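Notebook open, model loaded. I went through confidence, strands, rings and core, and jotted down what I looked up.

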Amino acid sequence: MRPMLAAILMAGTALPAMASSEAAWEQFANDVRTACVAAATPLIEEPHALVDPHGSEHFGVALQRGKAKGAETEIAVICVYDKAAKTAEVGGELPTGEMTP
């Protein structure tokens, strides 16, 4: 029984080491950016993404803007990245001129 108790105690001390590293957060942000840019490409010619570096508990979030495809208007879209499924979806086109403080 003592080896089992020692294994349980040692496993508990390893938990802080599993916290996300800076490199892991950078990789997460890159994953969100890549998926969100791909999802926005049908709407925006060259999407520029501003990624929340940590997101929420279950989702990554990015705000993207750029020239609407087939128009001269600049638009923005909000992208939501599902951390579990590793998929991204964008909302509808938002005119950037209507953003207010």
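**Strand pairing.** I started at β4, where E89 is the bridge partner of V80. V80 belongs to the pairing of β3 with β4, an antiparallel one with 4 bridges. For my own reference, helices (H or I, at least four residues) and strands (E, at least two) are DSSP runs numbered from the N terminus, and two strands pair if DSSP finds at least two bridges between them. The β3–β4 hairpin has 4 residues between its strands, and K86 takes a positive phi near 60 degrees there.

Next I checked what else β3 pairs with. Strand β2 (residues 59-67) runs antiparallel to β3, joined by 9 bridges. Q64 stands opposite V77 of β3. That hairpin has 6 residues between the strands, and G70 has a positive phi near 75 degrees. Strand β5 (residues 94-95) also runs antiparallel to β3, with 2 bridges; P95 in β5 is the bridge partner of I75.

**Ground rules and confidence.** This is a predicted model, so I noted the filters: local features need pLDDT of at least 70, side-chain atom pairs count only at pLDDT 80 or more, and totals for chains, interfaces and linings use all residues. Residues are numbered from 1 along each chain as its sequence is written, and side-chain values use heavy atoms, with hydrogens and water left out.

I looked up pLDDT (the predictor's confidence in each residue, from 0 to 100). The protein chain averages 84, and 80% of the residues score at least 70. Among the elements, helix α1 (residues 2-14) has the lowest mean, 46, and strand β4 (residues 87-90) the highest, 98. Over residues 4-18 the pLDDT is below 50, and this stretch has 0 contacts in the model beyond near neighbours in sequence. Contact here means heavy atoms within 4.5 Å.

**Rings.** How many aromatic pairs does a search of the whole structure find? It finds 2. My cut-offs for Phe, Tyr and Trp (its six-membered ring): centres within 6.5 Å make a pair, with planes under 30 degrees apart stacked, over 60 edge-to-face and the rest tilted. W25 and F28 have ring centres 5.9 Å apart and planes at 85 degrees, so I logged the pair as edge-to-face. Both lie in helix α2, 3 residues apart, about one turn of the helix.

Is W25 buried or exposed? With buried set at under 20% relative accessible area, exposed at over 50% and partly exposed in between (1.4 Å probe, protein chains only), W25 is partly exposed at 26%. F28 counts as buried at 12%. F28 also pairs edge-to-face with Y81, 6.2 Å centre to centre and 70 degrees between the planes. That pair links distant parts of the chain: F28 in helix α2 and Y81 in strand β3 are 53 residues apart. Y81 counts as buried, at 4%.

**Core.** Then I pulled the largest nonpolar core (buried Ala, Val, Leu, Ile, Met, Phe, Trp, Tyr and Cys joined through side-chain atoms within 4.5 Å). This core has 9 residues: F28, A29, V32, A35, C36, V51, A62, C79 and Y81. The elements giving two or more residues are α2 (22-40) and β3 (74-82), and α2 gives the most, with 5. Apart from this core lies another of 5 residues, among them A40, I44, I75 and V77. I also listed what V32 touches, not counting residues up to four places away in sequence: V51, G60, V61, A62 and Y81.
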